[in-house]
Amino acid sequence: MAKRVKKSTEEDLYNVQYDPNPNSLFFTDSEDPDSYSLENQFAENLEFRLVKDRETVTPQDAYKALALSIRDRMIRSWIRTQREYDKRDVKKVYYLSLEFLMGRLLGNALTNMNYRDECKDIMKSLGYDLEEIRDLEHDMGLGNGGLGRLAACFLDSMATLELPAFGYGIRYEYGIFKQEIENGYQVEYPDNWLRYGSPWEVMREEFTYRVKFGGRVENYTDDRGNLRFSWVDTEDVLAVAYDVPVPGYGNNTVNSLRLWQATATQDFDFKAFDSGDYMGAVEGKSATETISKVLYPNDSTVAGKILRLKQQYFFVAASLHDIVANYKTLHKNFGAFPNKVAIQLNDTHPSIAIPELMRILLDEEGLQWDDAWHVTTNTFAYTNHTVLSEALERWSVSFFEQLLPRHLQIIYEINHRFLKMVHTFYSENDPIISRVSIIQEGDNKAVRMANLAIIGSHSVNGVAELHTKILCNELFNDFYRLHPQKFNNKTNGITQRRWLKKANPPLADLITRRIGDKWITDLTELRKLEAFVDDAEFCDEWRIAKNLAKQRLIESIYIQNDYETRINPDSIFDSQVKRLHEYKRQLLNALHTISLYNRIKDNPKGDFVPRTVFFAAKSAPGYAMAKNIIKLINSIAAVVNNDPEVGDRLKVFFLKNYSVSLAERIIPASDLSEQISTAGLEASGTGNMKFQLNGALTIGTMDGANVEIREEVGDDNIVIFGLLADEVSALRPNYNAWDYYNGNADLKRVLDMIRDNYFSRHEPGIFQPIVDSLLRDGDKYLVCADYAAYIEAQERVNEMWRNPTEWTKKSILNTARSGKFSSDRTIRQYADEIWRVQPVRIEV
């Protein structure tokens, strides 16, 4: 249960009589706050909030004062946006996600609010460079990979499209971790992104809710004779709201990302302290606040698993009570709830929201089961992001019994009623019954969260056409046959405001000079670039813009990583930057790198296309194989980069601590985008779209959104290789990696070098697990099977690079044909086909 602690109302704020004095904290509705210059606001924030002047200001002060000034510029629109939503009683979208990989907010705000040039001048007057000041901002530690970055892109698009939307997540004190590379190994350090606070967030103590855990369930009969349930004797936690503004591009909409921080109901046990138990006096507070302490705690232990489940329920419970409280300010019953509220579950992490809303409606609001279920199923929609069975969450029933006993009762009842319906189509002994059940039976009974999400939602979508076909035909085929109308595709997208306009100013400016700036809100406008592929002057300018991005990346690498190795800007910048997982096959890329090295060593005077290979990735702390692959890549780099015979023809870099900000440097500079996952395993990918938007060519399998990128750019402008998804499925039963090892001398040589410690002479045997995973343990992700096709595809890349004119044309066409992959398009489809929400124009 969560109880709202209300200390003031927003209406109180709206009714304030604003002082017409322009130096006042408030402006009248008729007054233009922009008439009070941004430079003056910056100076006042520097003096009155940071207590600094021109003599004592530091670069960090300059960043904070500038960020506060830009946030101040948003506040009027931010308040008006929320007021208009409530005033018009519009249907709102609530996006629930355990991750929001927002990156740095200052640059994004300057882009969307068109303040970049003005701020550049302000910083210059102080002797600072705006880009250097922007780089002082710490990336928000709220996400890990594509799931969180997609959520951030969606928030940007919802605000730009003027949709009434709210994001909900957790205010993690620490991000997943700060990655250092020590002796080639990944080493994790705390990512304390909130050490000095965040100038963007606003604490909303009036939106504080009590969240329950544990306890027991009592039943009773109400005054109408209905059986009711009460969740009692619980251990409670307070969820405190922190809001972050999300401005749209070129409009007055400012939506909110609301993040929940866990705090204790009692900070300090004075009685324990007074008796000399000083640790015990704060023990409860410390235990409580671990819930929002870190993103994705290691779940290899029972305690880690319990903490993860606590995190999921904590943010879901607080969010739902916030949603219900907002709804009840305008409505006396829940008949209109699905017409005013749309809740999107971003993967299975928030799916506990389904029984939580049922609990609220049944136990707190007094609805009958059928009415509550109607409201619930017409409110929720579920996005699936994986086809990996191990990634589909299952929580032990014992955890629910311990933490969420009432929810387990509700889940059992949902399952009972659902299976009763299934029995009308299938016999009791049909295997489908056990497959679609929410409860996984056996010695270790578990709750299947994906099944719960599907049963409790009116819409289930995949995130690429191939991915959705796999969901319908394979992974969730039983559910698809029962409810085909629920399933639909919404191919992912990215926001061009961050990933081109902000991340790659030279290229963005070139595009705008030639076709205008409508592409910033309508990415299909980039098709107009096709008219310039044979324009020699434009192609020269394109190459210059690409070279500027390369130089920017090179400079940042030298500064951030202390590398002394020379980077050849005329080489192919070949990049694979994404979460480290075996199915993404960074290992296949590493094997190709060794093959290139061998060819140069075999023929030192040969004519080789120069190549610089960039890796950037974080491995989960407990994922031993992924961490060993990181060590292998760094060991390959140590050999290759220090071999004078190789020179500038091949270099390898593993760039540490991958983040949104680092991606904004790597992606614009890249010529080749590695999207080489085992076909059928990558749901969509959005990195592939970011590279394409910035003019990189893709080398990839027919997996995820690569399929649709190929359809858009054409076969001549992408390099496809490897087994197809159905071929992967057909090969697996009889697959033997030894056949490929013995049948391919190049592959055998590469793997033998790894096994024989060529790259680990001072640590013999450390890479044997990698070789064993391929040859002894079955090569789960078919690296050996796709190796020859991958090598041949890389040779095609080399031949293309030898013709700069043709390569530039292909680069331009990739950008020109990226219009489909805007998150604006994706969000329009969600809004029209799932959420049924309409834009709301905000006038200020």
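Good morning. I begin with a pair of helices: α2 passes α5 in a right-handed crossing. Please keep in mind throughout that the model is predicted.

Two packed helices are described by the angle between their axes and the distance between the axes. Here, helix α2 covers residues 38-49 and helix α5 covers residues 116-125; their axes come within 10 Å and cross at roughly 50 degrees. An angle from 65 to 115 degrees would count as roughly perpendicular, and one under 35 degrees as roughly parallel; α2 and α5 are therefore oblique to each other. Which residues meet at this crossing? From α2 come Leu38, Glu39 and Phe42, and they meet Glu118, Cys119, Ile122 and Met123 in α5.

Let me turn to strand β2. Is strand β2, residues 165-170, largely enclosed or not? Of its 6 residues, 6 are buried, so β2 is largely enclosed by the rest of the structure. In a regular strand the side chains alternate between the two faces of the sheet. In β2, both faces are covered: Ala165, Gly167 and Gly169 are buried on one side, and Phe166, Tyr168 and Ile170 are buried on the other.

What are the partners of this strand? Strand β1, residues 92-96, runs parallel to β2 and is joined to β2 by 4 bridges. In this pairing, tyrosine 94 stands opposite phenylalanine 166 in β2. Strand β9, residues 254-264, also runs parallel to β2, with 5 bridges between them. There, tyrosine 168 stands opposite arginine 258 in β9.

I now move further along the chain, to an open sheet of 6 strands. The order of the strands is β19-β18-β17-β20-β21-β22, and the pairing is parallel. Which strands form the edges? They are β19, residues 650-654, and β22, residues 719-720, each of which pairs on one side only. Within the sheet, 6 bridges join β17, residues 572-577, to β18, residues 611-616. In that pair, serine 575 stands opposite phenylalanine 614 in β18. A helix packs on this sheet as well: α24, residues 624-640, touches β18 and β19, and its direction makes about 145 degrees with that of β19.

Finally, a word on confidence. The average pLDDT of the protein is 93, and 94% of the residues score at least 70. Over residues 1-31, however, pLDDT stays under 50, and for this stretch the model has 60 contacts beyond four places in sequence.

Thank you for your attention.

Terms used: Residues are numbered from 1 along each chain as its sequence is written. This is a predicted model: local features need pLDDT of at least 70, side-chain atom pairs count only at pLDDT 80 or more; totals for chains, interfaces and linings use all residues. Side-chain values use heavy atoms; hydrogens and water are left out. Buried means under 20% relative accessible area, exposed over 50%, partly exposed in between (1.4 Å probe, protein chains only). Helices (H or I, at least four residues) and strands (E, at least two) are DSSP runs, numbered from the N terminus. Two strands pair if DSSP finds at least two bridges between them. pLDDT is the predictor's confidence in each residue, from 0 to 100. Contact means heavy atoms within 4.5 Å. Axes are lines fitted to C-alpha atoms, for helices over the stretch in contact, and angles run from 0 to 180 degrees between N-to-C directions. Angles under 35 degrees count as roughly parallel, over 145 as roughly antiparallel, 65 to 115 as roughly perpendicular and the rest as oblique. A crossing is left-handed if the near helix is turned anticlockwise from the far one by less than a right angle, and right-handed if clockwise.
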